[in-house]
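Here are some exercises to work through at your own pace. Have the picture at hand and try each task before reading its solution.

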There are 2 protein chains.
Amino acid sequence: MSNEKTEKSPKSAHNSWVGFRKELKVVDCTIRDGGLMNNSNFDDKVVKAVYDACVAGGVDYMELGYKNSDKIFSPSEYGAWRFCKEDDIRRIVGENPSDLKLAAMADAEKSDYKTDILPKENSPLDLIRVATYVHQIPLALDMVQDAIDKGYETTVNLMAVSTVTERELDESLELLAECGAKAIYLVDSFGSLYSEQIHYMINKYLRFARSTGKEVGIHAHNNLQLAFSNTIEAIICGANMVDATFAGLGRGAGNCPMELLLNFLHNPKYRVRPVLAAVQNDIEPMRAKLGWGFDYPYMITGFLNRHPRDAMKFNESPDAKDHIVDFYDDMLKNV
Amino acid sequence: MSNEKTEKSPKSAHNSWVGFRKELKVVDCTIRDGGLMNNSNFDDKVVKAVYDACVAGGVDYMELGYKNSDKIFSPSEYGAWRFCKEDDIRRIVGENPSDLKLAAMADAEKSDYKTDILPKENSPLDLIRVATYVHQIPLALDMVQDAIDKGYETTVNLMAVSTVTERELDESLELLAECGAKAIYLVDSFGSLYSEQIHYMINKYLRFARSTGKEVGIHAHNNLQLAFSNTIEAIICGANMVDATFAGLGRGAGNCPMELLLNFLHNPKYRVRPVLAAVQNDIEPMRAKLGWGFDYPYMITGFLNRHPRDAMKFNESPDAKDHIVDFYDDMLKNV
């Protein structure tokens with residue numbers, strides 16, 4: 001926790017929050033991050049419902065899934081949205097006659113990006129988001145340049161930053177600041193960061209990103225019930241690309257809920273109602289089977305700054321809820 | 001939402017959050033606020049489990065319930081914890097041979113405080129929390145003085161502050177600053193405040209409270225998934241009495257979860273494990289029946305800065321989850 005700090009300037013505290021910041025862009029990643037709970041096996045109806053609601057709700061980008069390798073992810077096991085082939089995308093959105101831009105994520109070392117990412121003129125996609133761990137940054141930079149050369153907007157998403165040392169992070173951001181991506185993302189993969197850490201990190205990212213004209217993005221997880229509030233904190237600090245998902249659907253404890261975020265942002269282009277309708281009719285009916293959202297095992301991995309995989313495995317047990325304390329003890333033993 | 005603000009001082013952002021603030025006190029109000037979901041009808045076993053876990057977890061205060069009038073609340077309908085008679089308290093805690101202090105809340109106009117609050121020497125209670133709306137402040141001040149005269153610590157909890165005008169609030173705080181209470185509470189009854197508003201309010205409260213040597217407290221609700229994060233924001237700003245409940249049990253969307261709060265506070269006196277055990281064994285088993293916690297209808301009343309009563313009533317319908325958008329439309333029509 002923090003010791004008491006000095007007061008923020010009165011201006012920031014109460015003079016401006018009724019307004020909105022027009023540069024801020026909202027990125028839906030319901031199908032992409034949610035795909036980590038069902039091997040990207042979504043019914044077309046669900047994908048179409050999210051697409052339609054993003055269009056009606058004024059969302060800026062929709063991330064449809066991954067551009068990952070079918071050599072690593074077997075198409076017999078993983079659904080269309082792990083690969084985002086252009087024919088699958090067109091089946092849902094046609095040529096996307098809307099203001100909503102479409103995105104796909106390519107993971108470093110998991111994507112045959114040179115062949116699977118087509119030239120922009122042959123794809124309805126607009127944005128390629130390159131996801132990378134610190135040790136993969138040179139590869140990620142090549143992926144970013146490849147996508148730029150093909151005509152796409154790009155972002156680079158530096159994952160699991162809560163486990164990265166300060167020196168490595170500074171070196172990483174220095175490298176990333178020089179690439180052609182439009183934004184560098186702060187990604188709280190383990191959902192373990194508190195607002196003070198988000199604040200510190202976003203300001204650090206901004207110093208590097210702004211030096212070469214880039215924006216900073218935020219992707220939060222809800223292990224500590226802070227996905228929405230950390231997204232707000234990042235916005236207050238200056239992040240201008242913000243990820244959210246319908247009903248918070250995403251890996252483990254899930255993400256920042258789109259319906260909460262759009263109500264917070266006062267830009268009149270954003271509408272909550274179509275998002276709420278899709279949440280009710282298409283997303284919430286999947287919750288019992290997919291099992292995302294805040295839960296004690298995810299809270300515990302968040303406490304310990306650990307990948308949620310142990311919690312996801314533990315939650316497969318039918319009597320998991322009776323053994324939360326056992327899980328807590330096990331995790332502590334193995335710190 | 002906010003426009004971008006200036007950076008906080010580096011000190012506040014990263015130099016101090018590993019430590020802890022020893023003046024900060026945690027107030028459990030599981031049975032008191034949770035009692036709004038079941039007319040304060042808890043099994044003794046549950047009350048004892050929360051008490052034992054508070055003692056083992058190092059919690060500073062436990063609020064057992066209300067000291068409210070049995071003329072207004074029929075004892076045939078409302079359980080023991082709406083009245084907190086001393087014999088009922090002693091049945092659970094004996095003479096409370098622990099460091100945990102015990103509290104009860106007395107609502108302005110709902111409490112026969114002159115007779116029902118006994119002299120301190122005849123009660124295991126340590127703290128009387130006086131809850132008041134703005135228009136009841138003169139009465140609340142009399143209640144505070146009555147409790148002080150009887151030997152108790154007191155706080156005064158100004159409810160529904162999100163609906164109070166600035167001028168009324170300033171006048172209220174000026175009056176409250178002069179009373180003998182040890183703390184003035186910011187109470188976000190409708191769960192509608194964002195971090196920037198919490199920040200502004202806490203700083204305002206502190207200016208009045210500190211002028212007469214008082215602390216400021218925070219009581220948050222989770223309608224917008226911000227109960228925990230708003231509690232953190234209040235702490236960062238300087239609040240030193242913070243309310244939380246096991247598993248967030250409380251009216252409607254519930255409160256700041258104790259298990260999350262204790263992990264955030266780094267004071268080694270606080271232990272998460274006993275709280276987690278009570279959550280697993282005693283609190284979560286009540287969730288299906290009591291139905292507290294974040295849900296879309298509560299989110300919608302939070303959006304609109306409305307009392308949760310409409311959402312609580314709506315949620316009684318067995319097919320409520322299929323009519324979230326209808327509820328949203330109804331609430332908008334009646335703004």
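The exercises below go from the interface between the chains to helix packing and then to salt bridges.

This is a predicted model, in which local features need pLDDT of at least 70 and side-chain atom pairs count only at pLDDT 80 or more, while totals for chains, interfaces and linings use all residues. Residues are numbered from 1 along each chain as its sequence is written, chains are lettered from A and ligands numbered from 1 in the order in which they are written, and side-chain values use heavy atoms, with hydrogens and water left out.

**Exercise 1.** Describe the interface of chain B and chain A.

Solution.
- Start with contact, meaning heavy atoms within 4.5 Å: 68 residues of chain B touch 68 residues of chain A.
- Next comes buried area, the accessible area (1.4 Å probe) that two parts lose on being put together, summed over both. Here about 6400 Å² is buried, 58% of it on carbon and sulfur atoms.
- Now look for salt bridges (a side-chain nitrogen of Lys or Arg within 4 Å of a carboxyl oxygen of Asp or Glu). The rule finds 2 across this interface. Asp329(A) and Arg273(B) form a salt bridge, with 2.6 Å from N to O.
- Then ask which helix of chain B gives the most to the side that touches chain A. Helices are DSSP runs (H or I, at least four residues), numbered from the N terminus. The answer is H8(B), with 8 residues.
- Finally, sort that side of chain B by class: 32 residues are nonpolar, 20 polar and 16 charged. In this scheme Ala, Val, Leu, Ile, Met, Phe, Trp, Tyr, Cys and Pro count as nonpolar, Asp, Glu, Lys and Arg as charged, and the others, Gly among them, as polar.

**Exercise 2.** Work out how H8(B) packs against H9(B).

Solution.
- Two packed helices are described by the angle between their axes and the distance between the axes.
- The axes of H8(B) and H9(B) come within 9 Å and cross at roughly 35°. Axes are lines fitted to C-alpha atoms over the stretch in contact, and angles run from 0 to 180 degrees between N-to-C directions.
- Among the residues in this contact are Ile198(B) and Ile202(B) of H8(B) and Ala234(B) of H9(B).
- By class, the contact has 5 nonpolar, 4 polar and 1 charged residues.

**Exercise 3.** Find a salt bridge within chain A and place its partners.

Solution.
- Over all chains, the count is 52 salt bridges.
- One of them joins the side chains of Lys67(A) and Glu86(A), at 2.9 Å from N to O.
- Lys67(A) sits in the loop between strand E2 (61-66) and helix H4 (86-93), and Glu86(A) in helix H4, 19 residues apart. A strand is a DSSP run of E, at least two residues.
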